[in-house]
Amino acid sequence: MRFSRTLALSVAGEIALYMGLGFLGFVVIMLTQNLAQRLPELVAVGFAWRDVFGLLQSLMPMVAAYSVPVGFLFGVLAAVARISSDAELTALRACGLGIGAVLGPALALGAVVSGLTGFLMLHGEPAARRDMRTLLTEVASRGGILEPGRFRAIGQRVIFVQARDRDNQLQRILVADRSDPDRPFLVFAERGRFLFEPDTMTIRLELARGDIHFESSDAESHQRIAFDRFDYAIDAAALFERARGSRPREMRFAQLADTVTLAEQGPLAPEVSGGRDANDFRTQYHRRLALPFAPVLFAALGVALGVRRMRSARSWGVLACAVLAGVYYTLLTFGEFLGEAGHLPPAVALWIPNLLFGAGAAALLLRAQRGAP
């Protein structure tokens, strides 16, 4: 019994060691990728270091929710493949222990990792998404909402700026205002400045040297007003409130569960759904429940594949981990599409990866137990 306990701790410790290395590697890759996508928005408005740290703080729980299972899969593959390549598994079988001596610790550690993944999926990731939404809204309020060279729709208005510097000085501005259908107008200005008043949720454009053109169906009644200075205000409360509004991925799990329950009772009210289909909420609900089971499945599958004797155990583990993780998350993404589109019930679509990986792990474990190559 003492030997079995020592062996189990040794196997679990080696898996945990490789898991830590794999987790760090995947976290660095995913953080770098996500930060590179968001950084231009911060640079455009003159970022402060607190913005970068805030972005990293928001990204970390989101990235960890996916990196923890992948890191664990790498740990199982690398550790078990190392044990197999060094003929330690053969020695275990000679002692009458067999594959269960490795599978047991892997499944036990997988259950712990599943609990951590579940916490991140149910609480960490949604909170991080809400924090990121708040951060990006703040960036937008500092001028990031206007991207040079692109048209930006704000309610019944469309704004275009040709250039903008870090001090929010604008060049070549066009504003098309149709907030009053009976009197639409266009504003052209050579330069201007973006300001945001958080107390009133108002965007102000201080425009200089331009013209206001009032549109009319009658060409003879066209009006043009030249100005040296024109203060143009936009009520942005609706825009920022919509940005702050709860989305399925950002909702607390209890709130998401209540929304799913309401959807089962009948059509969701607009103030509850926010214009989204009920399947969007069902899909996110089952995604948060399905993904935490991945580490247990990865443990079984990793042991079944790792027991094959390999010379390059670590390099093989990296390749196998990348392939298996890619397949699993591709199936999960495809399940989200099927669930949100209504092609399959979300309760089925989001559990397809677990069912397939579970069946594959069971078949490979049975084959390994029989000693098949």
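What percentage of the 373 residues in the protein do buried residues make up? They make up 46%.

**View 1. The whole chain, a predicted model.** Start here to get your bearings: the fold has twelve helices and six strands. About 19,200 Å² of the protein is exposed, and 59% of that comes from carbon and sulfur atoms. If you take contacts between residues at least 6 apart in sequence, 67% of them link residues at least 24 apart.

**View 2. The largest nonpolar core, with its 65 residues.** Ile15, Phe72, Leu291, Val303 and Tyr329 are the ones that touch the most other members. Six elements are worth picking out, since each of the following gives two or more residues to this core: α1 (2-44), α2 (49-85), α4 (100-144), α9 (294-306), α10 (313-341) and α12 (352-369). The top contributor is α2, which supplies 18 residues. As a rule of thumb, nonpolar side chains in soluble globular proteins tend to be buried together.

**View 3. Zooming in on Val303 and its contacts.** Skip the neighbours within four places in sequence, and Val303 is still in contact with Val76, Val80, Ile99, Val102, Leu103, Ala106 and Leu365. Apart from the core that holds Val303 there is another one, made up of 21 residues. Its members include Ile145, Ile203, Leu205 and Ile212.

**View 4. Arg172, a non-glycine residue with a positive phi.** Most residues other than glycine have a negative phi. Arg172 has a phi of about 55°, and you'll find this residue in strand β3 (residues 169-177). Is Arg172 exposed, partly exposed or buried? Arg172 counts as partly exposed because its relative accessibility is 47%.

**View 5. Arg209, also a non-glycine residue with a positive phi.** Here phi is near 55°, and the strand to look at is β5 (residues 202-214), where Arg209 is found. With a relative accessible area of 44%, Arg209 is partly exposed.

**View 6. Gly155, in the loop between β1 (151-154) and β2 (157-164).** Why does Gly155 count as exposed? Its relative accessibility is 67%, and the cut-off for exposed is over 50%. For a distance to check in your viewer, try Gly155 and Ile234: they are 79 residues apart along the chain, and their C-alpha atoms are separated by 9.3 Å.

Note on methods: Residues numbered from 1 in each chain as written. Predicted model: local features only at pLDDT ≥ 70, side-chain atom pairs only at ≥ 80, totals over all residues. Heavy atoms only, no water. Helix = DSSP H or I, 4+ residues; strand = E, 2+ residues; numbered from the N terminus. Buried < 20%, exposed > 50% of the residue type's maximum accessible area, 1.4 Å probe, protein only. Contact = heavy atoms within 4.5 Å. Areas by Shrake-Rupley, 256 points an atom, 1.4 Å probe, with all protein chains shown as cover. Core = buried A, V, L, I, M, F, W, Y, C linked by side-chain atoms within 4.5 Å.
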